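User: Please take a close look at the helical part of this model. I would like to know how its side chains are placed and paired, in one connected account.

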Amino acid sequence: FNISQFFQSSFNVMLARQAPLTLFRFYLYILGLFYLAVRSDLRQRVAAGVRASLPRRDPWPWNLYLLLKTYLGIFEHYVEKMINAYHPTERLERYLYEQSKIHNEDWLIGATLAQRGVLMVSGHFGAVEYLPLFLALQGYKPAIIMRFKSARLRQECIERCRQFDVQAIDADQPHAALKALKAVKQGRILITLCDEFNHWRPHRDRYIDVLGRRVRLDRTLDVLYRRHRPASCLGIVKRHKGGFTLHIEPITDGDEPISLAESAWRLLEPYILRFPDQWYQW
């Protein structure tokens, strides 16, 4: 089993529906540590990625502590994924409303009032799973491009999105890009991720540095941006003690001929380097 299948067993789904969040988190952490003990290849790949991208000369206890926090951050991503899909709606709504806040919301309000739609670029960072539902609870109309690990998870997530008036766009279904563009034209906040490297459609001759590696730049975001020129920002849901904060980092009001993919990554990478334990893509 891969890690997604391991965490999304029928028993775990039942616990996500019924167990208190604190107990469910503790259980999934223990399960995750057991998984890493068995899957030494995955454990070593994560460790190698962190060490190569964060060349620190700190004492080894600090490096070991940072690596442990990174593993737990990966488990937390799955806690949030399961809670987001399977937790009772009323409890999830109350939890997100009480635990979350927005930094730099004035820019987002202004961009939505312009009624040209908004492109909110994010990454597999922090509590990104909660981003669309949290925006909906704050009165915004989000849409999100998603990929699903299983048919069951797809069904649950789409139903949850329907309850909150979030438009879910399956990236693996036909005409996903056209649906995304239509959502922006309708004035929605389109959420998409810029760090799904396996799904990048690279430029032929444009490059970018990603965590110290020179790679060809993705062109997907640039195509979406050029088609409609919406206001665009980076949206990062950072975990902290006592809840979450959605950090809005404005990129453009839609008037500049920029590379949105490059601009978004330039803003996301410092978050990853500063808080590696909150990034899932190691």
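**Helix faces, packing and charged pairs**

Analyst: In this predicted model, helix α6 (residues 89–99) has Leu92, Tyr95 and Leu96 as buried residues. The three span an arc of only 90 degrees around the axis, and therefore sit on the same side of α6. The other side of α6 carries Glu90, Tyr97 and Glu98, which are exposed.

Helix α10 (176–185) can be read in the same manner. Its buried residues are Ala176, Ala180, Leu181, Ala183 and Val184. Viewed down the axis of α10, these buried residues fall within an arc of 155 degrees, so they line one face of the helix. The elements that cover them include the strands β2 (118–122), β3, β4 and β5 (189–193), as well as helix α11 (220–228). On the face of α10 turned away from the buried side are the exposed residues Leu178, Lys182 and Lys185. Just after α10, glycine 187 adopts a positive phi of about 90 degrees.

The loop that leads into α10 from β4 (167–170) holds aspartate 172. The side chain of aspartate 172 forms a salt bridge with that of arginine 147, at 3.4 Å from N to O. Arginine 147 lies in the loop between β3 (142–146) and α9 (151–163), so that the pair, 25 residues apart, links distant parts of the chain. With 31% relative accessibility, arginine 147 is classed as partly exposed.

Strand β4 itself supplies aspartate 170, and helix α9 supplies its partner, arginine 154. The closest N and O atoms of this salt bridge are 2.7 Å apart. This pair, too, links distant parts of the chain, its residues being 16 apart. Which partner is buried and which is partly exposed? Aspartate 170 is buried, with a relative accessible area of 10%. Arginine 154 has a relative accessible area of 30% and is partly exposed.

Helix α9 also contains both partners of another salt bridge, arginine 162 and glutamate 159. They are three residues apart, about one turn of the helix, and their closest N and O atoms are 2.5 Å apart. Arginine 162 counts as exposed, at 55% relative accessibility. Glutamate 159 is partly exposed, with a relative accessible area of 32%. A search of the whole structure finds 16 salt bridges. Arg39, Asp41 and Arg45 are linked in a network of such bridges.

The packing of α3 (residues 21–38) against α4 (residues 40–53) remains. Two packed helices are described by the angle between their axes and the distance between the axes. For α3 and α4 the angle is about 100 degrees and the axes are 5 Å apart. The two helices are therefore roughly perpendicular to each other, since angles of 65 to 115 degrees fall in that class. On the α3 side the contact is made by Tyr35, Leu36, Ala37 and Val38, and on the α4 side by Ser40, Leu42 and Arg43. By class, five of the contact residues are nonpolar, one is polar and one is charged.

Helix α3 also contains leucine 33. This residue counts as partly exposed, at 37% relative accessibility. Leucine 33 and leucine 72 are 39 residues apart in sequence, and their C-alpha atoms are 8.4 Å apart in space.

How values were computed. Residues are numbered from 1 along each chain as its sequence is written. This is a predicted model: local features need pLDDT of at least 70, side-chain atom pairs count only at pLDDT 80 or more; totals for chains, interfaces and linings use all residues. Side-chain values use heavy atoms; hydrogens and water are left out. Axes are lines fitted to C-alpha atoms, for helices over the stretch in contact, and angles run from 0 to 180 degrees between N-to-C directions. Helices (H or I, at least four residues) and strands (E, at least two) are DSSP runs, numbered from the N terminus. Angles under 35 degrees count as roughly parallel, over 145 as roughly antiparallel, 65 to 115 as roughly perpendicular and the rest as oblique. Contact means heavy atoms within 4.5 Å. Ala, Val, Leu, Ile, Met, Phe, Trp, Tyr, Cys and Pro count as nonpolar, Asp, Glu, Lys and Arg as charged, and the others, Gly among them, as polar. A salt bridge is a side-chain nitrogen of Lys or Arg within 4 Å of a carboxyl oxygen of Asp or Glu. Buried means under 20% relative accessible area, exposed over 50%, partly exposed in between (1.4 Å probe, protein chains only). The arc is that of the directions from the helix axis to the C-beta atoms.
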